[in-house]
Amino acid sequence: MTHWQNRKAIGDAHEQRVTKTLRACGWTVQPCGQGTYPPAIQRALARTHSALRYFPDLIAARDGDVITIDAKDRMPSTDSDRYAISTATLNAGLLFTAAHAPTPLYYVFGDLKVLTPSEVHHYTTHARPHRSGAWVLVATNRAHPFEEVFGAPPALAA
C-alpha cells in the first residue's frame, strides 16, 4: 500500500467515525467534496491548486441548521500538543466560509476536538509558523470538545 493509500484509508475511517458520531447526536449526514467525485476527476483535481481539492468532506443538517465538516485525522502533531493544518487547507477553508456564509465549516480532528478555519487563523496569526510555511500549528488546548459544538449523543446527554 502506498503512503497516499494508507493516508486515504485512515482519513476514510475517520470520516466514517465522525459521520457515526454526528448521526448519534441527531444530525443527518451526507458525504460531499472531492471524495464523492469519480476517480478521473479526483486525479485531475490532485494536479491542480483548486480550492475544490479542499472542499469539506461532509455536510450535515439538524433542526434546520446546516453545517460542513472537514475531518482531519493523524492529528495532533506527533512531536507536540499542536494540530498541524496545511496552509492550503486553511486558505481554502477561509474562502469556503466567506463564500458560503452563514454555513459554518468545522475541522474535526482525530481526537474529536473541533476548530473553525477562523479560529485556526486567529490562533496562528501571531504564532511562529512551521519552518516550511506549508503548515500552521494550533495548540490542542484551543479546540472545543465535540459535544459542545454538535451536542452529545442521547446516551451521554444529562
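Reader: In what order do the six strands of the open sheet run?
Author: This is a predicted model, in which local features need pLDDT of at least 70, side-chain atom pairs count only at pLDDT 80 or more, and totals for chains, interfaces and linings use all residues. Strands (E, at least two residues) and helices (H or I, at least four) are DSSP runs numbered from the N terminus, and two strands pair if DSSP finds at least two bridges between them. Pairing in this open sheet is mixed. The order is β1-β2-β3-β5-β6-β8.

Reader: Which are the edge strands?
Author: Residues are numbered from 1 along each chain as its sequence is written, and side-chain values use heavy atoms, with hydrogens and water left out. An edge strand here pairs on one side only. The edge strands are β1 (28–31) and β8 (144–145).

Reader: Do β2 and β3 run parallel or antiparallel?
Author: Strands of a sheet pair through backbone hydrogen bonds, in one sense or the other. Five bridges join β2 to β3, and Ala 60 has Ile 67 in β3 as its bridge partner. The two strands form a hairpin with two residues between them. Their sense is antiparallel.

Reader: Which residue in the turn of the β2–β3 hairpin has a positive phi?
Author: Most residues other than glycine have a negative phi. The exception here lies in the loop between β2 (58–62) and β3. Its phi is about 50°, although it is not a glycine. The residue is Asp 63.

Reader: Is Asp 63 buried or exposed?
Author: Buried means under 20% relative accessible area, exposed over 50%, and partly exposed in between (1.4 Å probe, protein chains only). Asp 63 has a relative accessible area of 75%. Therefore this turn residue counts as exposed.

Reader: How many of the eight residues of β3 are buried?
Author: β3 spans residues 65–72. The strand is largely enclosed by the rest of the structure. The count of buried residues in β3 is six.

Reader: In β5, what is the bridge partner of Lys 72?
Author: β3 also pairs with β5. Those two strands run parallel, joined by five bridges. In β5, Lys 72 is bridged to Phe 109.

Reader: Which residue of β6 does Val 108 stand opposite?
Author: β5 (residues 105–109) and β6 (residues 113–115) pair over two bridges. Their sense is antiparallel. Opposite Val 108 in β6 stands Val 114.

Reader: What is phi of Leu 112?
Author: Leu 112 sits in the loop between β5 and β6. At 14% relative accessibility, Leu 112 counts as buried. Its phi is positive, in a residue other than glycine. The value is near 60°.

Reader: What is omega for the peptide bond from Ala 101 to Pro 102?
Author: Most peptide bonds are trans. This one is cis. Pro 102 lies in the loop between α3 and β5. Omega is near 10°.

Reader: At what angle does α4 run to β6?
Author: Axes are lines fitted to C-alpha atoms, for helices over the stretch in contact (heavy atoms within 4.5 Å), and angles run from 0 to 180 degrees between N-to-C directions. α3 lies across β3 and β5, at about 145° to β5. α4 lies across β5, β6 and β8. To β6, α4 runs at about 80°.

Reader: How is α3 oriented to α4?
Author: The axes of α3 (residues 87–99) and α4 (residues 117–124) come within 9 Å and cross at roughly 130°. Angles under 35 degrees count as roughly parallel, over 145 as roughly antiparallel, 65 to 115 as roughly perpendicular and the rest as oblique. So the orientation of α3 to α4 is oblique.

Reader: Which residues of α4 do Leu 90, Gly 93, Leu 94 and Thr 97 in α3 meet?
Author: The residues of this contact divide into four nonpolar, five polar and no charged. Ala, Val, Leu, Ile, Met, Phe, Trp, Tyr, Cys and Pro count as nonpolar, Asp, Glu, Lys and Arg as charged, and the others, Gly among them, as polar. On the α4 side, the residues met are Pro 117, Ser 118, Val 120, His 121 and Thr 124.
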